Amino acid sequence: MAKKQIIKDKILKILTEKSFDIISILDSEGNIVFESNAVKNILGYDFEERIGENVFRYVHPDDMDKVITEFKKRDKTIKKIEFRFLHKDGTWHWFESIGQDYINDPEINGVIINSRDITDRKSSEIALLETELKLRKIIEHIPDTLFHIDITGKILNYYQGKKQILEEVPDFSKFSVNDITQKEMVLKMQNAIRKTIEIGYHEEYFERKLDRNYIFLSKFIKLNEKQVLMLRSDLTKIIENERELEKLNADKDRFITILAHDLKNPLSAILFFLELLSKNIRKYDTDKIEKQLNILNNSAKNTFLLLENILMWVKAHTGKFPFKPEKLNFEKICNQIIENLLLTATTKNITIHYSFNEDRFVFADKNMLETILRNLISNAIKFTNKGGRIDISTNQNQKTLVICVLDNGIGIKPENSAKMFDILHPQTTEGTENETGTGFGLLICKEFVEKQGGKIWVESEEGKGSNFKFTIPLYTD
């Protein structure tokens, strides 16, 4: 028996001396009764240097509560816990400890603790967590969505970026046989996934609910033989902007063509009559000179009006025209515009009828509202025969005021009604007294009405007059 005991003691000594972990025995108060030699290599303390000291004075303050809580559980084995322990050099080391067994002995009433240094592992975990947090912040602020997909197209995980482009998570491994577009898209994606070596690019189309087809660019990065990462970018706005830019360029080209045509006629007339006068100034009598000067004056006025309208339209179209909506008395503004145009109407013996039962207040830009009314009433005078009539009235809806400018003039041909507010087809019809027009008045009206949240349209019948209507928001307290 004595020999066996000696062997056991030697084995115990070897285990405690050669163990890579710190084996400790603590009494019921947490005082150190025994520590293995590993404490020297791991924490820098000499063997038996801390015998009799309380182990809790070496525990990091932030970890103290969980360590004490576990230590006081005497009815079961202490679970594995992680905490920081003080090294002799003053640094903190991470440890993973577990209570192996409670000792019930007359001289020792405590627990055996096995502690393993996990500082390197913990540092790697913390670094990995920090990297993950940084990566997540980056993903949260990019406008794209990142998919983790297997080779069949099944989504294993995904991360939505700052721009939420998904209403539902698609499964690229499945599709409806009745949905040809979806089927073609999925097959195309699966083919791209399978062929991806490093990075592959292609455009794919995905239809969102209650919406229309949206265009995405997918970039594939191969992780291994069975998995890829797919970065999906929403190109819809970019494509739409490109198409809009193409349209604007086409409009610009057409606009320049129209402008050159509309400027050429009055300028040609001015040049013609100036040359005629310069050659015959001494031959013509006063009446003939006065007549040609009046023609020149009208041509110059029309040219100036054309340039003024074009400049105003361009400013409005590019957002450079000041927009300052305010509370306005519509009747007061309308009366002022009518008063300014009465002389023009009177020369054609045209009467303007308007009556308002009460003041109507709108929320609009004063300059824009005046421009709209002036253009519409001027057009009504221009296209109404001598002795004709113009009626201006209003109807109030819940949130808007509908303004009507009705005349009994020559009206508009059906094929021209739809083009009245189109920049590509500005109308330059002569008035009933051969008045010329610029074709941009109605375009300005449309721009200014829509700027204020309203809409404009025309109801007309050739030979029976026209009724131009537009809406303006009512002022609400």
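This is a dialogue between a student and a tutor on reading features of a predicted model.

Student: How many helices and strands are there in the chain?

Tutor: The chain has eleven helices and 17 strands. Of its 477 residues, 39% count as buried. Among contacts between residues at least 6 apart in sequence, 55% join residues at least 24 apart.

Student: Take helix 8. What span should its 18 residues have, and how far apart are its end C-alpha atoms?

Tutor: The check uses a rise of 1.5 Å a residue. For helix 8, residues 330-347, that gives an expected 26 Å, and the end C-alpha atoms are 26 Å apart, so the two agree.

Student: Where is the kink in helix 8 centred?

Tutor: On Leu 341, with an angle of about 45 degrees.

Student: Which residues of helix 8 are buried?

Tutor: The general idea is that an α-helix has 3.6 residues a turn, so residues three or four places apart point the same way. In helix 8, the buried residues are Phe 330, Glu 331, Ile 333, Cys 334, Ile 337, Ile 338, Leu 341 and Ala 345. Leu 341, the centre of the kink, is thus one of the buried residues.

Student: What covers the buried residues of helix 8?

Tutor: The cover includes helix 9 (366-382) and several strands. Among them are strand 11 (325-329), strand 12 (351-354) and strand 13 (361-365). Strand 14 (389-396) and strand 15 (400-407) also take part.

Student: Which residue caps the N-terminal end of helix 8?

Tutor: Look for a side-chain oxygen and a backbone nitrogen at the start of the helix. Here the cap is Asn 329, with a side-chain oxygen 3.2 Å from the backbone nitrogen of Glu 331. Helix 9 has a cap too: a side-chain oxygen of Asp 365 lies 3.1 Å from the backbone nitrogen of Asn 367.

Student: What else can be read from helix 9? How many of its 17 residues are buried?

Tutor: 13 of the 17 are buried, so helix 9 is largely enclosed by the rest of the structure. On span, its 17 residues should cover 24 Å at 1.5 Å a residue, and its end C-alpha atoms are 24 Å apart, which agrees.

Student: What is the sign of phi at Asn 349, after helix 8?

Tutor: Most residues other than glycine have a negative phi. Asn 349 is not a glycine, yet its phi is positive, at about 55 degrees. Asn 349 sits in the loop between helix 8 and strand 12.

Student: Is Asn 349 buried or exposed?

Tutor: Exposed, because its relative accessibility is 55% and the cut-off for exposed is over 50%.

Student: And Lys 348, is it buried or exposed?

Tutor: Lys 348 belongs to the loop between helix 8 and strand 12. Its relative accessible area is 5%, so Lys 348 is buried.

Student: Which backbone oxygen atoms does the side chain of Lys 348 reach?

Tutor: With a buried polar side chain, check for partners. The side chain of Lys 348 reaches the backbone oxygen of Lys 382 at 3.1 Å. It also reaches the backbone oxygen of Thr 384, at 3.0 Å.

Student: How many cavities of 30 Å³ or more does a search of the whole structure find?

Tutor: Three. The largest holds about 270 Å³ of space. It is lined by 23 residues, of which Leu 26, Val 55, Phe 83, Ile 113 and Ser 115 are the closest to its centre.

Student: Which element gives the largest share of that lining?

Tutor: Strand 4, with four residues. Elements that each supply at least two residues include strand 1 (22-27), strand 2 (32-35), helix 3 (64-71), strand 3 (81-86) and strand 5 (109-117).

Student: Which residues does Val 67 touch, leaving out those up to four places away in sequence?

Tutor: Val 67 is in helix 3 and, at 9% relative accessibility, counts as buried. It touches Phe 56, Val 59, Ile 81 and Phe 83. The C-alpha atoms of Val 67 and Ile 81 are 7.6 Å apart, although 14 residues separate them along the chain.

Student: Is Arg 50 buried or exposed?

Tutor: Buried, at 1% relative accessibility. Arg 50 lies in the loop between helix 2 (38-43) and helix 3. Beyond its neighbours within four places in sequence, its contacts are Ile 32, Glu 35, Val 39, Leu 43, Tyr 45, Tyr 58 and Phe 85.

Notes:
Residues numbered from 1 in each chain as written. Predicted model: local features only at pLDDT ≥ 70, side-chain atom pairs only at ≥ 80, totals over all residues. Heavy atoms only, no water. Expected span 1.5 Å × (residues − 1). Bend = angle between axes of the 7 residues up to and from the residue. Buried < 20%, exposed > 50% of the residue type's maximum accessible area, 1.4 Å probe, protein only. Contact = heavy atoms within 4.5 Å. Polar contact = N/O pair within 3.5 Å; in protein donor to acceptor, adjacent residues only side chain to side chain. 1 Å grid on protein atoms, 1.4 Å probe; cavity = no way out; pocket = protein on both sides within 12 Å on 5 of 7 lines; lining within 4 Å. Points joined across faces, edges and corners; volume = space filled by probe spheres on them.
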